[in-house]
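User: Here's a chain I'd like to go through with you. Could you back up each label with the value behind it?

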Amino acid sequence: MNIELQNQSDLSATILIKLGAADYTPKVESQLKKIQKTANIKGFRVGHAPMGMLKRNYGKSVLVEEVNNLASQSLYDYLKEKNMDILAQPMPSKDVKSDIDFEKENAEYTYAFDVALAPSFDLNINAKDEAVRYSIDVNEAEVEKEIENLRKRNGTMVAVDVSDENDIVYATATELDENGATFEGGLVDKPISFVAEMVKDAKTKKAVLGLKTGDVVKVNIFQLFNENITAINNTLGISKEEASDLNADFSLTITEIKRNEIAEINQAFFDTIFGPEQVKSEEEFRAKIKENLEIYFKSEAENHLEHMLNHLINDKHSITLPDEFLKRWLIETKSEEYNEDNIDERYSKEAQGLVYVLVQEKMAKEYNFEVGKEDLEQTSLGYVAQMFRQYGISNPEFSMIKDYSDKQLKDPNYIQTVMDIALRRKMIEKIKELVTIKEKKINVEDFYKEINAHKHEH
């Protein structure tokens, strides 16, 4: 066996692997002997088929498999021996031709692999870099707004005689023709519901306000649902294609009007929000709401700080990558996402993600990040709790989170996911120590203006 490094630069190299008969023949013969032990060939007892016959029947396929496996293993052994830090996986060389002809007996096979080398760079984050941690002021107006939201969310739906813009109006919808008559073959008496407040078209909104049960009103179905084909097809229970082909005019017959009667501020409301007897007066309730809001906005402020530090990682590290190789690798290995037409447009996001990972790996080595069992367990608990909330379980019991987390931590793929999250947390916490963080007081409205302005920039 001969392994040769060619065309090496700072970011790429080509590795030639030459395999002679002496390298692969023992592996081929060993595999054929294994096949011989179990081969069931007509005319011979199991395990007694002649080796010559086995070679004729299986020799080529075994040769191809064993030579390919040997080439791959030799490549990775070489990379490990030479301590070559590579990006992505090696690929067949673009410029150097492999010489592989399995029709020849006892031939020498030459494999040419292109590899992308990880770039060398220095960490560039220090106390000269500044970030802002906002201290968000939760005033009485924010407390009042939150209480009103809680009252609405915990209100009771009651039937009313006349609709206003916040009511849910239930109706049956019938498609009309150009003369205002029922459209033959169209939709008839389809149950729908809508809220006038959501309607953007002023004329349509006016038409669906002040309605009573039994009223019949003519509307433009597209304007009623703000030209949202998905909302129309879901509401009417038809396909998007059918929704797009509907006539615009519909007749609505109002069947029911429901209003959310907001909850009263009393002990029952306190118990619903915080549990039985946890809060016993409106004063305590407001104080508890303010405390919860302060905890929430402190978390929001910290999330924003960490988001800005993530930007800092990429902004402070202008790392040259083997772009041509990585684009080729993405197209060949993720063909469902990348092709020659979109690779230039989509590559920048992949490159940013890779720079982030490279900085994380370098920091992990330089600062000796270690993820122990306790780190994994704590990270997993947080990850599972967040996942449950995304599925609509806002306050899952700890025992539920713990049981699910313990079960998932038996899966190697899940462990790797949690390990990556834990390493990112350690990196961000270290960056907080390295940079200069300035504290700035701000109100809720201005805080979200700041976030929206940042989103607009990106």
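Analyst: Sure, starting with charge: the mean positions of the 59 positive and 84 negative charges of the protein are 5 Å apart. Lys and Arg count as positive and Asp and Glu as negative, with His and the chain ends not counted; each charge is placed at NZ of Lys, CZ of Arg, CG of Asp or CD of Glu.
Some ground rules: this is a predicted model, where local features need pLDDT of at least 70, side-chain atom pairs count only at pLDDT 80 or more, and totals for chains, interfaces and linings use all residues. Residues are numbered from 1 along each chain as its sequence is written, and side-chain values use heavy atoms, leaving out hydrogens and water.

User: Why is Asn 106 called exposed?
Analyst: Its relative accessible area is 61%, and exposed means over 50% (buried is under 20%, partly exposed in between; 1.4 Å probe, protein chains only). So Asn 106 counts as exposed. Asn 106 also has a positive phi, near 50°, without being a glycine.

User: And what makes Glu 277 partly exposed?
Analyst: Glu 277 has a relative accessible area of 47%, so it falls in the partly exposed class. The phi of Glu 277 is positive too, about 60°, and Glu 277 is not a glycine.

User: How do you know that the protein is more spread out than a compact globule?
Analyst: The radius of gyration, taken over C-alpha atoms, is set against a globule rule of 2.2 Å times the number of residues to the power 0.38. For 458 residues the rule gives 23 Å, while the protein has 33 Å, well over that, so it is more spread out than a compact globule. Its C-alpha atoms fill a box of roughly 90 × 70 × 45 Å along the principal axes.
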